[in-house]
Each structure stands twice: as structure tokens, then as C-alpha cells.
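Let's take a walk through this structure, one piece at a time. Keep the 3D view open and turn it as you read.

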Amino acid sequence: MKVLAAMSGGVDSAVAAARAAEAGHDVTGIHLALSRNPASYRSGARGCCTIEDSNDARRAADVIGIPFYVWDLSERFHADVVEDFMDEYAAGRTPNPCLRCNEKIKFAAVLERGLALGFDAVATGHYAQLRTGSDGLIELHRAVDGGKDQSYVLGVLDQQQLAHSLFPLGDTPKPEVRAEAARRGLLVADKPDSHDICFVADGDNAGWLREKLGERAPNHGGAIVDEAGVELGRHDGTYAYTIGQRKGLRIGTPAPDGEPRFVLDIEPVSGTVTVGPRDRLAVHRLRGIKPRWCGTVPTRLAGSVQLRAHGEELPATVTVDGDQVEVELHAPAYGIAPGQAAVVYDGTRVVGSATIAATEREPA
Amino acid sequence: MRVGWAASRTLVPDMSDPVYLDHAATTPMVPAAVEALTKHLLEVGNPSSLHASGRHARRVVEESRETIAQALNCRPGEVVFTSGGTEADNLAIKGLHWSRVAELGPAPRLISSSVEHHAVLDPLDWLAEGEEAEVRLLAVDATGRVDLDELARLLAERPVSMVSVMWANNEVGTLQPIEEVVALAAEHGVPVHTDAVQAVGAVPVDFAHSGVDALTLTGHKVGGPYGVGALVVRRELELTPLVHGGGQERDIRSGTLDTPAIAGFAAAVELAVKHQADHAARVSALRDELVRGVLAVVPDAVLNGDPVRRLPGNAHFSFPGCEGDSLLMLLDARGIECSTGSACSAGVPQASHVLLAMGRSEADARSSLRFSLGHSSTAADVAALVEAIGPCVERARAAKA
């Protein structure tokens, strides 16, 4: 197969590319330039936007012995991922840009262009496994290394995308991948993992949003109130908050019971942030929209859901009615924010995903 | 099959013999340059040392300087060796501008063109940002030729430190009207620099006759080594140095001279200039064949630049509906090597400032490829491109749809 290996400059994608080449595929390495001006999104820090990362990817391709190019995806990335990220925060929701990037960029813009240019598949360093099911469909499964499993951020891929994907690392624990990188002479073997959002410097979401949203911010301040509506403090913009957040609320007066308070609700129009005790965050049911299914669309499934990257697997019953997905959690979950993705699993198999539109909590 | 004057094809490293159509980026070293370079690699001697070995090295440097001077029709003392074209351009721009500031007062006007190489544009931006110069970039017409009326107007308005206009454009190959530029600048006593990196060996370049005051050339574009070049600068002109140290080159440029590289550079310049007419005739015939062949296969491709007044080895096209970088990759996979234009350090193709200045859209600019022929190019190279370009364009168009 002719394979495009998306190389971020990190250890995982380098080893994935090396494995694809070793498996006999005709591999071409590409680094995705996601910003025209790499310094405009983030500088100095590690991520997928820096010149150092591009150079690291190029050197890895040299060592593997494959051709290497930089593809400029900056316009698509800005339109489909960065703008979406800003819109979602402005609307009081909490997006996951990595899912959006996989859905719209890595396995869409890149894959489409690759297929048109004569490639058969895109290989990435994601930790997830592909298997062929008894029905002949390609199934997406969790990685062997549970701690590194990234099937959550791939839960947006449909059958067509999965059929043109390769995840060569899914069967290997991370420490072995690092050891293999060192063995292969890849200089990125001991490069630290990236965890943050690649385009936000130092993980400072609120600071980044304050700078970038500007006039688009729905508000530049408002009240922090308790559930009875009593004002406890002020804030500089609702986009800096996410449901379930505990830190950085800057409330002077402690709660009467001395328990910590959490963000329960964000109202972008009025600019009101409501806080309360943890038990008020308990979610029993949630409603998802814009579902993406990996294969056959389920109608009713007793399985599990994962509600954030590296989150726990929560037993749940999922009911699908067209574009509406109802998730009934068998035990309450806490800190669930609209905008996040609910990824549905049947055992280790990813069934699909939906964007959380609303959560149902016990009435006050 | 008729090959180039240097017949140096055998020196191209065997990478399953790519079809190399990127001579404007760098051209293979000619055997005479390799010989001159390697001859001195094992010899000891700093050209600034006073003993016999030093004197020998100095002699090699000075003979090289004389060779280059003869080839370009300048005085040997006017050749200032540098680390290449970028340094020579920087030295010309900053060095000349700063020395003129002493005469003219702070922040005089500096005139250049909007289609210069970044080795000129970036120092200009830097001077402008530091409020050291009022930089004005001449507009160009649709072929990439500078607007002489605008030059006349800009020269007349206020004191001007210098004019810098390239001899030939590195992307689209358009030759600039250097004689007219020099004549206009002379009316106001304004010195002229020209980046002739692409021109030397490709078209006749006569320093004294041209009337320019400073001229940039570099080794690796004429069949010489990388990392060596020169600024030819009139003896009477004062330049403020950029690199301070031993003052080896007329106190304008410091740093121990690279004797072997300079010897190789001189050998290459001598041969390139000597064979310029033959080379231009042979390469332009190949280029015309390339243009005809490409247009026959891709009729809606657009040849950019001046159809006549252009570098003999340059063919620059826009392929409507294609991304230049997709095309480059597809051709590269078939062993055909060309260029999309200037690339930033991260390797992201930027829309060419040259095409934008020529009034083309960003989409046009991003759909462009440059094929540049040189002394080792053959009819087989052209045939290989003509055979490959059709399917590659078709595929690149599908990828953009």
C-alpha cells in the first residue's frame, strides 16, 4: 500500500511511520503545518505547530529512509478546529479540538488529498487498534496500553475513514515504543509526550481565549452566583470557565458548610456562572447530538461511555433515534460539560460518538 | 545527445539519477571547480599569514580574485569575498545604506523592487522596522519588470541612499532593465546595487559596462562550491562593515578567507562566463522545448514572466486548479525535481511574493512551479518532464477538487 504517515515530530508518529515502512508499505512522511506563522499560535513550547517539531519529523523521516514533505493545512485547521474551539467556548461549552482535528483534518482533509494523490491510507501514532469484524467491517478498538489508549479521540471516524487508516502502535505499550524508537536510532525517543492543546501555549486556555476571542467573546465579565442566585464574586468572561471546574473561581467567602464549590452552570448571554457543591454536578442522563458512527448504527446498546480523554469508562445504556443519542448512566458522573464528546463503547470496541448537548441532573 | 559544456553529469550523485530541473536553486559543481577546490584542501596556509605557506594561500586567493575580476570586467580590488549571495546582499544593502546615512542624514529613502529575493527584502524590512530607512519597493508589470516611471518619480522626491534592483528574477526569470535603472539613478548621483546571483553565466554580465556600483554573485549557482560568493563593489564606495574582525577584505568584511572554496568559485565563474553564450543558446533551446511540451500536454498552463527577456534556463508555470506542492510531490515521486518558489524555514510553501507583485491571485501563486535548466540538463530531462506532467497535473487537480 502507498501510505501517508502523519508525523508530528513526536516519538509515537515516528515509530508508527517506521513500522509502516518495515511492514513493506510505500511510506511517505508528511508533517502538517497547522499555522502559517508557527509563532502565532504557540512558540517555544512543544506541540504540533513549531519549527522544531517539523525538523524533528524531518529527521525521523531521514532515519527511517522515507520521503518527507510539509503540508500546509493551516487554513483548514483554522476554519475547522480553531474557529470551532473559539465558538464553542464563546457559547459556554467545552470542546475537544483533538477530536475535531481527527474528524476534519487528519482523517478528512489529509486523507482526501492523499487518496486523490494516489495514496491508500493514512498512518498515525495514535494508540488504538483496528480489527476486521465478523461482518467484514473495520472495527476500532482500545489500545493494549490502557493508560495510553487514544480510541476516544478517534471515536469520530466513520467506516470509510477507518478503512483508510493505520494505527501501527495499538498493540504496544508506550515504554516499548520509546525503547523501539531508541533502537531504531530515532532522536525523538526521549522527547516528552504532549498533553496540552497543540495551539494553546502553556495550556493557558483562558488566557489564549481572552486574547483571541476579543470582540467575539459573549461577555467580558459577570457574576458568580450560588444556586439561590446570591452573588459570590465576579469574573472576566464566561469562556474561562468549564462545568465541574473548581480551581480559579476567586470566591472570597467560603461556602456555609465549608465544602468546595464547583462550576455548575454557565450562561453566556447573561454572563452568569453558577457554583455549588459537588453532589449537584451528578449527571444521570445526557443527550448527545451530531453522532458519528464507526460502523453499523446501533438502536439500543448496553455498553459503556467515556466522556473525556483519559476519562473513566462508565457503564451506560445508549439509545439512538436518528441524530439524537440518549445516554443513561448506570452510576452518576461528575463534571460533565456540554460540548465534550461522549464516545460509546461495546467492550473494547468503539461504536461511535456524539457531542454532549445537555445533561440531566437531579432537580435542586 | 548533446550535453552541456561542463559535461558534469557524472558528478551528480547517483540517486537513481533524478531528473534535476532545479538549477536555479543550485547547480552541480563543474569538474574544473572540484579540481581547483580539492587541490587546495590539503594545503595549509592562512592567506593572512606572512610565511611561505601563507603567501602561497594568499596568492591563490589573489589569483582567484583576478580571475573573477577579468570574467566580470571589474578591478580585482573591487571583488569582496563573502560567504555567499545572502551575505553579499546584506553587505550591499546595510553597508551602503549606513555609509550613505552619514552623508544624507537619518532615514533616507531606499528604493528596491517588490520582486527581490528575501536576501534583499528581509534586510530592507529590518532597516524599515528600525526606522533607519524609508523603504520603497517598485511595482512590477505583469511580466515582473520594474516600473521605471515610478523609479524616476521616487528618485526625484527626496534624498535616496541607494537603489537595489536584481539583474534577473530567481523565480520567474524576468530580466530587469538594469541599464535604465542605472541611468535614472545616475541623474541623482544615487548608487545602484544589483543581485546578479541568477544572471552570471546565464546572460552577459559586465560590471564596468553596466554602470552598477555593487553586484552580488555566488558560487553554487555558477557551478562552484556552496558557501562562497562575492560582492563586487566600486573602489570609491564606502561600505560600513557588518562583520568586524581582522578586516581581511578591504576592512569591509572580516573572517579568514576560505582559500579552496575561493579557488573553486573562481574556476567556476571563469568557465561560466567564458561559455555563457553557448550555454544560453543550448539551454534556452531546451527550455523552449520544455515550454512547448508542457503547454501541449497542459494547454491551460500559464507561462509566467517575460516571454523573451528572461533567463535562458527558466520556465515558470501556473497550473490552474493545482496546488504547487502537490505537483512537486507527485513529480518528486517520479524522480523529477523542481521547485515551488520560496519556502519558509518550516518548509511551508508560501504564496510567491513575486507572482503576487505581478498582480496574480494567491490561488495562481500557489499553483505555480519553477523548472530551471542548467549545464547538465539534457533533452532527456525535458522529455521526462513532458511525459510526467500530464498525469501529475490531472492527479493534483483531483486532490484539490
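Start with what counts as a pair: two strands pair if DSSP finds at least two bridges between them. Helices (H or I, at least four residues) and strands (E, at least two) are themselves DSSP runs, numbered from the N terminus. What you have here is a predicted model, where local features need a pLDDT of at least 70 and side-chain atom pairs count only at pLDDT 80 or more, while totals for chains, interfaces and linings use all residues. Residues are numbered from 1 along each chain as its sequence is written, and chains are lettered from A and ligands numbered from 1 in the order in which they are written.

First, how far can you trust it? For the complex, the predictor reports an ipTM of 0.85 and a pTM of 0.88. pLDDT is the predictor's confidence in each residue, from 0 to 100. Chain A averages 90, with 95% of its residues scoring at least 70. Within chain A, confidence bottoms out in helix α2 (residues 38–41), at a mean of 50, and peaks in strand β6 (residues 138–142), at 98. Over residues 40–48 of chain A the pLDDT is below 50, though this stretch has 22 contacts in the model beyond near neighbours in sequence. (Two residues are in contact if their C-beta atoms, placed from the backbone, lie within 7 Å.) Chain B averages a pLDDT of 94, and 94% of its residues score at least 70. Its residues 8–14 stay under 50, and the model has 14 contacts for them beyond four places in sequence. Where pLDDT is low, the predicted coordinates should not be read in detail.

Now go to the open sheet in chain A. Which order do its strands take? The 5 strands run β3-β2-β1-β4-β7, with parallel pairing. At the edges sit β3 (68–72) and β7 (165–166) of chain A, each pairing on one side only. Being an edge strand doesn't leave β3(A) out in the open: 4 of its 5 residues are buried, so the rest of the structure largely encloses it. A residue is buried if 20 or more other C-beta atoms lie within 10 Å of its own, exposed if 12 or fewer, and partly exposed in between, with C-beta atoms placed from the backbone. Strand β2 (residues 26–33) of chain A pairs with β3(A) in the parallel sense over 5 bridges, and A:H31 has A:V70 as its bridge partner there. Elsewhere in the sheet, strand β1 (residues 2–6) of chain A and strand β4 (residues 121–123) of chain A run parallel, joined by 3 bridges. Look for A:V3 opposite A:A121 in β4(A).

Further along chain A, find strand β16 (residues 341–346). Why call it largely enclosed by the rest of the structure? Because 5 of the 6 residues of β16(A) are buried. Strand β13 (residues 300–306) of chain A runs antiparallel to β16(A), with 3 bridges between them; A:V305 stands opposite A:V344. Strand β17 (residues 349–361) of chain A is also antiparallel to β16(A), joined by 6 bridges, and A:Y345 is partnered by A:V350. The hairpin of β16(A) and β17(A) has 2 residues between the strands, and A:G347 takes a positive phi near 70°.

Step back to the domains, whose bounds come from an automatic or database domain assignment. Chain A is divided into domain 1 (2–125 + 168–203) and domain 2 (218–280). The C-alpha centres of these two chain A domains lie 37 Å apart, and their contact takes 5 residues from domain 1 and 8 residues from domain 2.

Chain B has domain 1 (8–29 + 276–400) and domain 2 (32–273), with C-alpha centres 27 Å apart. In chain B, 28 residues of domain 1 are in contact with 30 residues of domain 2. On the domain 1 side, α9 (276–297), β10 (314–318) and α11 (353–357) of chain B are the elements giving two or more residues, and α9(B) gives the most, with 3 residues.

Finish at helix α3 (residues 85–104) of chain B, whose 20 residues reach 27 Å from first C-alpha to last, close to the 28 Å expected at 1.5 Å a residue. (That expected span is 1.5 Å times one less than the number of residues.) α3(B) is mostly covered, with 14 of its 20 residues buried. Right after α3(B) comes B:G105, with a positive phi near 95°.
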